[in-house]
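Let's take a walk through this structure together, moving from its aromatic side chains to its strands. Keep the 3D view open as you read.

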Amino acid sequence: QVQLVESGGGLVQAGGSLRLSCAASGRTFSSYVMGWFRQAPGKEREFVAAIRWSADYADSVKGRFTISRDNAKNTVYLQMNSLKPEDTATYYCAASETFVPVRSWPDYDYWGQGTQVTVSS
């Protein structure tokens with residue numbers, strides 16, 4: 001069982017930056033693919049980024065967002081730069097027992113509660 005707790009969300013102006021963190025419980029953190037997803041009101045949950053040894057990004061965030069992990073701290077991060085109003089959503093951290101980063105949310109086994117990111121224009 002893995003428990004995930006996100007932090008770092010907030011309100012930021014367009015063009016600004018935020019860094020999300022996700023702290024995980026458990027001793028096998030390094031064996032999981034870690035992902036970030038987001039969901040805006042009235043929209044489906046969408047893939048943002050994922051990482052195990054390598055990273056994968058949605059086209060909409062490539063070049064602006066960076067996912068990283070610190071296995072010693074059981075934490076995964078999402079550095080978000082050049083934020084746009086369309087990035088406004090609740091951001092979720094998730095853990096998957098797959099071998100390589102995957103983009104489909106049903107492939108993730110554990111989820112955090114989410115953290116709100118609001119980008120004003």
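A good place to begin is a group of rings: Phe 37, Phe 47, Tyr 92, Tyr 108 and Trp 111 form one aromatic cluster. Please keep in mind that what you are looking at is a predicted model. One member of the cluster also has a charged companion, as the charged end of Arg 45 sits over the ring of Trp 111, 4.6 Å from its centre. You can find another such arrangement where Arg 69 lies over the face of Phe 29, again with 4.6 Å to the ring centre.

Now to the ring pairs themselves. With ring centres required to lie within 6.5 Å, the count comes to seven aromatic pairs. Why does the pair of Phe 37 and Phe 47 count as edge-to-face? The ring centres are 5.8 Å apart and the planes stand at 75°, and because planes over 60 degrees apart count as edge-to-face, that settles the label. This pair links distant parts of the chain, with Phe 37 in strand 4 (residues 33-39) and Phe 47 in strand 5 (residues 46-51), 10 residues apart. Are these two rings buried or exposed? Phe 37 has a relative accessible area of 1% and Phe 47 one of 11%; buried means under 20%, so both labels follow from the cut-off.

Compare that with Trp 53 and Phe 99. Their ring centres are 5.2 Å apart and their planes meet at 70°, so this pair is edge-to-face too. Trp 53 lies in the loop between strand 5 and strand 6 (55-57), while Phe 99 is in the loop between strand 9 (89-96) and strand 10 (110-111), so the pair ties together parts that are 46 residues apart in sequence. Here the rings are exposed: Trp 53 has a relative accessibility of 65%, and Phe 99 has 56%.

Let's go inside next. The largest nonpolar core has 38 residues, and those with the most contacts inside it are Leu 4, Met 34, Trp 36, Val 76, Leu 78, Met 80 and Tyr 91. Many strands contribute: strand 3 (18-24), strand 4, strand 5, strand 7 (65-70), strand 8 (75-80), strand 9 and strand 11 (115-120) each supply at least two residues of this core. Leu 4 is a nice residue to click on. Setting aside residues up to four places away in sequence, Leu 4 touches a list of residues that includes Cys 22, Met 34, Cys 93 and Trp 111.

Strand 4, the home of Phe 37, deserves a closer look. Six of its seven residues are buried, so to the solvent strand 4 is mostly covered. Strand 4 runs antiparallel to strand 9, joined to it by seven bridges, and there Gln 39 has Thr 90 as its bridge partner. Strand 4 also pairs with strand 5 in the antiparallel sense, over five bridges, with Met 34 standing opposite Ile 51. The hairpin of strand 4 and strand 5 has six residues between the strands, and Gly 42 takes a positive phi near 80° there.

Another part of the picture is an open sheet of four strands in the order 1-3-8-7, with antiparallel pairing. Which strands are at the edges? Strand 1 and strand 7 are the edge strands, each pairing on one side only. Neighbouring strands of this sheet are turned by 15° against each other on average, direction ignored.

You can follow the sheet across, one pairing at a time. Strand 1 and strand 3 pair over four bridges, with Ser 21 as the bridge partner of Ser 7. Strand 3 and strand 8 pair over six bridges, and Cys 22 stands opposite Val 76. Strand 8 is mostly covered, with five of its six residues buried. Six bridges join strand 7 to strand 8, where Asp 70 stands opposite Thr 75. These two strands form a hairpin with four residues between them, and Asn 74 in the turn has a positive phi of about 55°.

Our last stop is Gly 9, in the loop between strand 1 (4-7) and strand 2 (10-13). Gly 9 is partly exposed, with a relative accessible area of 32%. Leaving aside neighbours within four places in sequence, Gly 9 is in contact with Leu 20, Thr 115, Gln 116 and Val 117.

Notes:
Residues are numbered from 1 along each chain as its sequence is written. Side-chain values use heavy atoms; hydrogens and water are left out. Rings of Phe, Tyr and Trp (its six-membered ring) pair if their centres lie within 6.5 Å; planes under 30 degrees apart count as stacked, over 60 as edge-to-face and the rest as tilted. Buried means under 20% relative accessible area, exposed over 50%, partly exposed in between (1.4 Å probe, protein chains only). A charge sits over a ring if NZ of Lys or CZ of Arg is within 6 Å of the ring centre and within 35 degrees of the ring normal. A nonpolar core is a set of buried Ala, Val, Leu, Ile, Met, Phe, Trp, Tyr and Cys residues joined through side-chain atoms within 4.5 Å. Contact means heavy atoms within 4.5 Å. Two strands pair if DSSP finds at least two bridges between them. Axes are lines fitted to C-alpha atoms, for helices over the stretch in contact, and angles run from 0 to 180 degrees between N-to-C directions.
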